[in-house]
Structure formats: structure tokens, C-alpha cells
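Student: Please take a close look at one part of this model, the sheets and the helices packed around them. I would like a single connected description.

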Amino acid sequence: MSGVLTLTPTASPFPWAAAAIATYTGKASLNFDTDAKGVTLEIDGSKITAEDEIVQTLAKAGGLADDSAKTAAYFALAKTLPTVTAFPEITAALDSLDDHLAFRTFLVGHDITAADWIVWGALKGSVKIVGLLKNNKHPHLLRWFSHIESLESTQAAIAGLAEAKSAKARNNKTAASFALGLQNAKEGEVVTRFPPEPSGYLHIGHAKAAMLNQYFAKMYKGKMIIRFDDTNPTKERTEFEETILEDLALLDIHGDKITHTSDYFDQLYEYALQMIKTGKAYADNTPQEQMRKERFDGIASQHRDDSVEDNLKHFAEMTSGSEEGTKWCIRAKISVDNPNKALRDPVIYRTNLLPHHRTGDKWKVYPTYDFACPIVDSIEGVTHALRTNEYRDRNPQYNWMIEALGLRPVHIWDFSRLNFIYTLLSKRKLHWFVDTGLVRGWDDPRFPTVRGIRRRGLTVEALRQFMLAQGPSQAIVSLEWDSLWTLNKKVIDPIAPRFWALSKANLVPVTVKGGPEKPEVKNVPKHKKNPEVGEKQTVYSSQIFVEQEDAVSFEDQEEVTLMDWGNAIVRSKTTNESGVITAIEMELHLEGDFRKTKKKITWLAQPAGEHALVETTLLDHDYLITKKKLEETDDVKDFVTPVTEFREDALADANVRTLAKGNIIQFERKGYYIFDGTVDGRMEFIHIPDGRAASIASKAAPATPAEGAKKESAAAAQAEEGQQRGQLTSKETPADTKMYKLAKVYGEDEVPTPVETKMYKVKNVFSWFKWSVPSSSTCERLQRRTGSQILKAMEVPKTMKALVVQEGKQVAVLNHPVPEIGDDDILVKTVAVAQNPTDYKFIDSGRGKPGTVLGCDWSGNVVKLGQNVTSVKVGDHVAGFVMGGMFPDGGAFAEYVKTPAELTWVVPPGTLSHEEAATMGCAFWTAIQALYHPTRLSLVEPPEKAAGDEWVYIHGGSSSVGQFAIQLAVLSGYKVATTASPRNFALVRSLGAAAVFDYADPAVVANIKAASGDSIRAALDTIGLRSAQATCVEVIAPGGGKVVHILQVIPDASARTDVERIYTLLYWALGRAFSFGPGAEHPVRPEDRAHMVHFLKKVPGLVKDGLVKPLPVKLWEGGLAAIPDGLQYMREGLVRAEKIVYRVA
């Protein structure tokens, strides 16, 4: 009896029990259908649609153990769990299951039954419950849950769902997240373009742009143009065009048409003349440095108002390439002092006397990219120009060029630039590595070029899935490599053939008693789970090799498993005077049970006759730089990783001789590798990271003792070389200590084991090292190499850089005293800060007091504690909010920030970056205060849930406060109605909003009332304008309710008297008195501070469980000095559903 289980990958909750028991019993295949309604099992002529009945049917068909009378109770529990929302009830259920499983392997009897599957499915389908299990408060339940999830059949079901979701994302009709930004896209009419400059090799950042352009073109059945932006003869060469096309082919990207900007030089020249004649451009001979300064300061060029005739004359000189002409350029006449500096009369034509690689000496003048790109886009019929959002400030310039020339408009679609930690994408810096010989070329596996990452084993399919998963993200952050390599592993694991390789370092010969007298050859599968991969030949012999690392771990008379052969018992070991094992005798015990052995060992038959082993080299690589993200002011030479390539000599089985260059394999127990070719008779294999922390961590840091124990013998020479180069080794402790010495608790003897155990003994990991305090020279090397001044980490200077309020409503980065902390305070070294509207309003309104530090939101690391502080410790990653521009010791836009310890929260390790944590300040705290304070809306606080379907209205759902308010209200069990601009509908829905409306719709109030059944009693106004306040009041149901405003209440915004309108101000939560001027004094509000302190204790848990997410980050480069530009950007209303964040450290 075999059936088909049909389910949709979008089901919520997903029917995990049915899917998992189907794969476990093998009695039904999984059919993922996006159009399916619910779950259906068709088996033996019957159709079953209830999941509990499906589980029972498949359990019976699979011959699972007969269930007891208790089974019905577990089925009832599984049906109830998804409906339970109250935290105490969920915890009680988990406590009961944990107690039951304390001395049991399964819920009923001694084998897995339908009861286990139905309960496991209910738990798996609840994100909240899975989050609670991760808190390790229910160890027995977690052990049972993890066991069932780890089963091969369960993993197959999980993988099947993941693949179905990936396929759904790739399907045109379900790619809504990508279609969201392609305004006015019509099937069959979309034209995109990928415009690389032919001046180098493509890197992974270019790959994202190319893949997205091709994706959209295919999705809308349109076309993609590959256009070489060849407007700079100084950099460009024909050879780079060829390599770029080769790189695109490696990515399986092929344009419908290949063009060059140089194809349009004649037309571009005519358009430049047109702009000069219409007074929209002028000639300028201002020296470059002076022009840059004048543009920055908003000073007009002395030639800005020259006559058309003079401008044409100078352009003619430029065109001829005369000595006089080389002094001039053409600038667009847009603006002198526009706050957007990209609009301050940019250069659109300049002289270059070098011959062009396509047009030769025909031209002496060339258009800039900013001038040529919009014109050629319009001419070539491009409908949607995809640009990274680093160009966002230049988008108005792009549109101005088109409008000034009366050309067909082009839609711009922004996406975030791809950045990775420890990775350089700058062509200039990559050139430096090539030129200095630190890498072997542009295809070096340590390089982020397309050729480099492909050579390291990254597949096109994994790269495509990763790029599409980024989607329309606007956050500019440095990504970890783990997600990409994890995707890659999922692609290669099912098809990578398995081989064996042993490290040659102290290889141990083994005599196997009971082995064949002469070598025997057998065919075995290359991949045990995928026979289609083929077979390989394995040689069996009584003389074999094993690795020294395995030999050291063998106990006397221990039974181990020789993989693909059977069990053997270690009868004797021979050791030399250095403790190195030189020989082993084993006795075959093929009747032994491999499931009972602790060690499964790879081995190779010693070479005899035609059965030779293959000399190989296994290569592993580290990041090229030691800093996660280089700043513009950093010199790459100061952050070069001392040793970035690790070579290990090994012997491999003869089957590897059949491999072709580029084949991906797995050396079992070592990892995935790609065959890179043969060098000096040795086959070289490059290690492919698999996404696990150990495979992608920077190897420049000191190794942990465990890692050192595992690799000591293989890495001894490299460690010595690294030490000579100034690299800190694992035997050096990077800190002096003044602690007095204590004797070990158990003396120098081995620690006694107080109970009997069947675990095999392992050597104490710390016995591999002789720990010592480093010499002063080592400390100096560490400081010089890392630039992080680790030895001075806890030293706090007297002054710091800070953005300080000045007279005349100005700010400036100045040296400012580091604030002194009180007994209940902490001092934090800021790493990232985020800006808010209140920051520029403090400047513009004059509220900011001269001499104070501006800024509210921050994230950093604790460096100093007040004597009463116990809630945090030095080194903790913390985040919070302070009142900038008011107190001499306050303000976040600085290298250090002082704050009461109780008004911070510790960011759980591995959850949020500093940039993300910095977004959870002013806006997050305001949402907390407005929603939950007893004198504001006084909603039910999480983890408790509101009873019934109670609605809350949040006006301005895509605002910073609105995004957090939606998440919190949903977390509290409320249904949220909100307003936003249509372009942000998808964003606010993703946060949990149940109903979203256009705030500009005249019928918005009526629509909200209809959706909520006119039942809203609580509303939060996150905007504060008169129209916003009126809307909030009017959506309240008859009979009245509450509205909280984040700006002062405008009394006549509404005539209703049955609605209580409340003003809330976040600064009250800080518990300090302050004044905005005469008549605007604010006394201490202890109740506000107490409430905030109470709620902040919950925040780490909410973040750790993924229940509250940070705002989308727009990382603004330039640190503290760039904040005035970011504030101006916000003043102009250009911020869109994102948070501007700056790196301080």
C-alpha cells in the first residue's frame, strides 16, 4: 500500500506530523502543490484530509508499534497546542511533557509511535514553542524533539519543504517580493540592463546585479542588455570585455543583446551641445581640488554664468584636444547649493587624450557615467534601471538628465549592495593584492571575484538562490558567508562522490589480522544515499594506513569500525620515544555491530602492485584581511592576514585519478573539496566551506585549545612561520595577569571520574598546550598586526570625538570630555549610532544646548561599571537610548556614552549586529511607552495575550515607531490596522499587520472601520500631524476610547469628546528633569522610568527568540563627521521605511 500526501508549502501552521511520518514509514510520497487547500492523503482508494487521521493511517500502514490507551490524550494535546496563546498554559504543557520524558525515550512504549509524530508536529509548527525549547528549560523534551528532527526521514521532509519554497520563490507568478519594486512593469515589455565597466574582473557584488537583471527580464518575459560602460579610456581594455563575458557565462547569465556606451558617442556629444545651447550646461576650468571644495561648500563656479558662445568655444577646444581644451570640462547647470550634493553642478564631459580601445583617436572628449547612463538607458528602451542604493542620492540627477533633454523616462529600482565580512570588493585594493604577489591572480580562491569563488567550489545554483533570497532588501550591512556556503552545501551534498584521503603527517601502518592475504578489490557506491553517482573500487588488504589523529584516540582492546569494511579490535599499539604511534595491530571482528562503536575510521590499503595511492595536497584558505569591515581611512596594508593558505600533504585512494578539473567531491570526515588540477605530479584539492562556524571562521585569531589539539601536528610548521611573521599563536595568552596563583583543585593528577561510564577516554584538551604569558614583543606584534589595541581595551581616555551642539544652531565634531559615571551608571564604547527626527529638530528649534553632545540611539560594548552595577559586565554588547543635546554628560553621537545600567539591555550573542541593535532606541522605546504604560494605552504586555479579536489602530505603520508598534501589538495578541504609503504595504504586512490602508485615501477612516467591524478602542498616532491626529480619533468606535500621540495634542483636530487623547514623550522614561524653555519644563517622572526599566528586562528574550526584529538599516558611511549630511537627508524627507545608522568604531 503506497499513497500520495499532497500539501502546500505555504500552509501555516505546516502539517509537520503528516509530512514527517510519511517519509518515516515510506508509505506516502510528498507532493508539494502551491494551489492545494490543506493536506490530503490519497491511499488505497481513500482520500483523507484531517491530519490526525492521516497520521494514524500512515502509522498503521507502516507497522508502527500498537498504541496504548494514552495515545488519544496525546492526539488531543496536539490539537489543542496550536490554539493556546497564554504563556502560562504553554509552559504548563511543556513542563508536563518534559516530566513524562525524563525517564522515557518515546511518549508511548519503547518505540516511536503515532503519538510521537502528532505531538512533535504540533511543537514544530509553533515558532513560539520552538523558541521556548531553545531556552533549555525543558532538557528531556528538547532531547526527544531533537532526536525526531535529526532522523534522516525527517530531514528529508524538511529538505523537501525548503526546496518547494525555493521553487515557489523562483516561480514567476509567486515572485511578488521582487515584483513589488518594478512599477508599471508589463509582461513582454520589460527591458533591463547590466552595465559593467570593462576595467577589471567581475566580483560577487556584480554577480548580484547581473542575476537580478536577468531574473526580472525572464520573469516578465522581457529582455536584458549587457552594455559595456566604456567611457574612460584610461582604465578600459578589450581583454576585460572578454573576461567579463566569460565570468557571466560561468554564472549562466546571457544577455539578449550586447552593446557599448561608445556606440552612442555621436548622440551623446550632440546632447551635450544641446544642453549648452539651452543654458543647462557650461564649461568650467576650475582646478579639481578647488571644484570639489566649492561644490561641498555650495559656492558657484566663476564660469557658471558664462555666455553660450563662450561655453561652445571652450567645448570646441576640448573636442580638438588642444592644450587649452585639456583644462576645461562641461558641467550640468543644476544647482549650486542643493542639500543633495550630487545635484551641485556635476561634471558631464571631460577631456582624455588617450586612445579608446574601440574608437581609437576619434574622440578627445568623453561623457561621464552620470551623463551617459540615463541617456543610453532611454535610447536603448530600458524600462527599469536596477541600481544599488549607494546611487540613491544620484537618482534625482539621473532623472534630471532625462527631463532636461526631453527623453523617455526610465524607472529606477534600488537594491542593497552586497557586502561580506572580511571581504574586499574595491578594485584598487584587490589590484594591490595581485600586484604585491599576496595572491596568485584574479582567480585566486581567496578572492571575491566570480572566478575566485567558482574556483573555491561555489555553485551557480547556490549563488542564484542566495541572491534571490536577498530580494529587494535595502539594508546596507556586511553579511556573513555562512548562509551562502550552507546553501552551497545543500546543492553539492546530494551529488558529490565520496572518496578517502589521509594526512601523511605521521601516517600509521596497521596490520589487520583476518584480512585478505592478497589485496582484494570490490565495487562500492560513491555515494551511499545516491546510487546514480556511480561506483568506485575499494582495495581491501591486511596492511592498511590510518591517520595519526585517529590512532592516538584508540584505547587498548577498543572495537572500532573501519568504514565500508566492518568492525575491528585494536590489539596493540607501538609508540616511539616522542609519543608518536608508529604501528598498530588490529583483529577483524566483522560480526560486530557498527552501531555500537564510537569511532568510524577512514583508512587506505597500503600500496601494492597496481594499487597505488595518489599523492595529493589539501588546501584551505583564510580571509585576506583581519578586520571585518575596512573603513575608507584604513590602510589595507595594516590589516593583511599573515598566513592565508594552508597546505596539507595527503594520500588519496586511486579513484580520484578519474576526476576532471573542477569536479566537486567529499573526502569523508574531512569535508567538501574541488579538484583544482595537478601541480608537480600532485593532485591539488581546495577545501569548500560548508557554512558551519569552524569552516568559515577567520583562522587569524588564536585557535581554541580543542582546535589546537586536533591540528597540532599538521600545523606546527605553519604556527612557527606565523609566529615569525608576528601572528599570535594558540600558545600565547594575549593579556598579562596580576592574579595570584592557586593550586589546582585536584592537584597535578588526573581528575577522578566519580561514576562509572562507558564513554571512551579522551586526552584533556588543555594538555596539548603549555600556556604561558606572552612576551612584550608578542604583545607589540599583536597590537601592530590587528590595530585593535587589545591590551588597552579597558583604558578609557580623558577626551573623545563627539558631535557637539554649537551656537547658531550648528554642530561640529570636536574633542569632548568623556563623561564621568556614577555608582549606578555604565560607560559604553559606542560602535554604532542611529539618527532620529528629534536629532535635527533639536538643532533647528534651538532646543539643543551649546556644548552638549547630540544623538539618542546607540549600541556598543561596556568598558566601565559603577560600583553598584551587577546587571551587566565589562565587554557586554548593550544598546539603549539617551537624551542628546540637553545635558553635558549625555548624547549618543560620540565615541563613549554614559547611561544608567538599568536603562540598557544586553544584546544576546549571535542575534543582532551593532548596526541593527542601534535601531532599537528612540522608536522602540516610544512604542513600548505608548502601548503599555498604564497611563497611555495600557495594552496587555507580552508574553500575555489579549483576549478575543481585539483591534488596535497604528497610524504610520512604516514609520520607525510604527514598525515596532505593529510587532509589539501583534506579539500581545492584538489585530493591527495601520496606514502606510502603498510602496510600504508589503513591509508592514510582513510585520504582522492584519489590515493595511493608504493614508492618503479619502475613504481611509470608513475602510478601517469596515475592516475592524468598527470596534477599535485604542489608537497610536506615530506621525503627529493634524490630519494624522484627526484620523486616529475618527477611527475610534462609538462610545469612545484612547488615542496616544507622539507629538503635542492638537485640540481642534477633532470635535469628538468621547475619545481620551494623550500626549507621550519618551524622554520622561529617562527619569531626569529637563526644560525646552520657559513654560516647557518637564519634572522627573519616576513612574515612566520604572515602567521602562520593567519592560527592558524582557527585551533580550524577545530578541533572542526572534519575536522582535530591528528596523531596516541604511548604513551611512563616514562616521560621526557624516551625521550632518544624514540629518539633512532626513530633513528633506528622503528617508523611506529605514533607519540611518553610522559606524563609530
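**Sheets and helix packing**

Tutor: In this predicted model, strands β8, β9, β10 and β11 form an open sheet in the order β8-β9-β10-β11, and the pairing is antiparallel. The edges are taken by β8 (281–284) and β11 (365–367); each has a single partner strand, so one side of each is left without a neighbour in the sheet. From one strand to the next the twist averages 20°. At the β11 edge, strand β10 (residues 347–351) is joined to β11 by three bridges, and the two run antiparallel. The bridge partner of Tyr349 in β11 is Pro367.

A three-stranded open sheet has the order β5-β6-β7, here with parallel pairing. Its edge strands are β5 (191–194) and β7 (257–260), each with a single partner strand, so one side of each lacks a neighbour in the sheet. With direction ignored, neighbouring strands of this sheet are turned by 30° against each other on average. Strand β6 (residues 223–228) pairs with β7 in the parallel sense over four bridges. For Phe228, the bridge partner in β7 is His260.

Two helices pack on this parallel sheet. Helix α10 (residues 204–219) touches β5 and β6, and its direction makes about 165° with that of β5. Helix α11 (residues 238–250) touches β5, β6 and β7, and its direction makes about 150° with that of β6.

The helix α10 can be checked for length and for cover. At 1.5 Å a residue, its 16 residues should span 22 Å, and the end C-alpha atoms of α10 are 22 Å apart, so the expected and modelled spans agree. Of those 16 residues, 14 are buried, so α10 is largely enclosed by the rest of the structure. Lys221 follows α10 and has a positive phi, near 55°.

A further piece of helix packing involves α4 and α7. Two packed helices are described by the angle between their axes and the distance between the axes. The axes of α4 and helix α7 (residues 139–150) come within 7 Å and cross at roughly 80°. That angle makes α4 roughly perpendicular to α7. The contacts bring Leu94, Leu97 and Asp98 in α4 together with Pro139, His140 and Leu141 in α7.

His140 also provides a reference point for Phe103, which lies in the loop between α4 (87–100) and α5 (114–124). Phe103 and His140 are 37 residues apart in sequence, while their C-alpha atoms are 8.4 Å apart in space. Is Phe103 buried or exposed? Its relative accessibility is 81%, and exposed means over 50%, so Phe103 counts as exposed.

For the setting of these parts, the chain has 34 helices and 48 strands. Of its 1145 residues, 51% count as buried. Among contacts in the chain between residues at least 6 apart in sequence, 71% join residues at least 24 apart. The chain exposes about 52,100 Å², of which carbon and sulfur atoms supply 52%.

Methods. Residues numbered from 1 in each chain as written. Predicted model: local features only at pLDDT ≥ 70, side-chain atom pairs only at ≥ 80, totals over all residues. Heavy atoms only, no water. Pairing = 2+ DSSP bridges. Axes fitted to C-alpha atoms, helices over the stretch in contact; angles between N-to-C directions. Buried < 20%, exposed > 50% of the residue type's maximum accessible area, 1.4 Å probe, protein only. Contact = heavy atoms within 4.5 Å. Areas by Shrake-Rupley, 256 points an atom, 1.4 Å probe, with all protein chains shown as cover. Expected span 1.5 Å × (residues − 1). Parallel < 35°, antiparallel > 145°, perpendicular 65-115°, else oblique.
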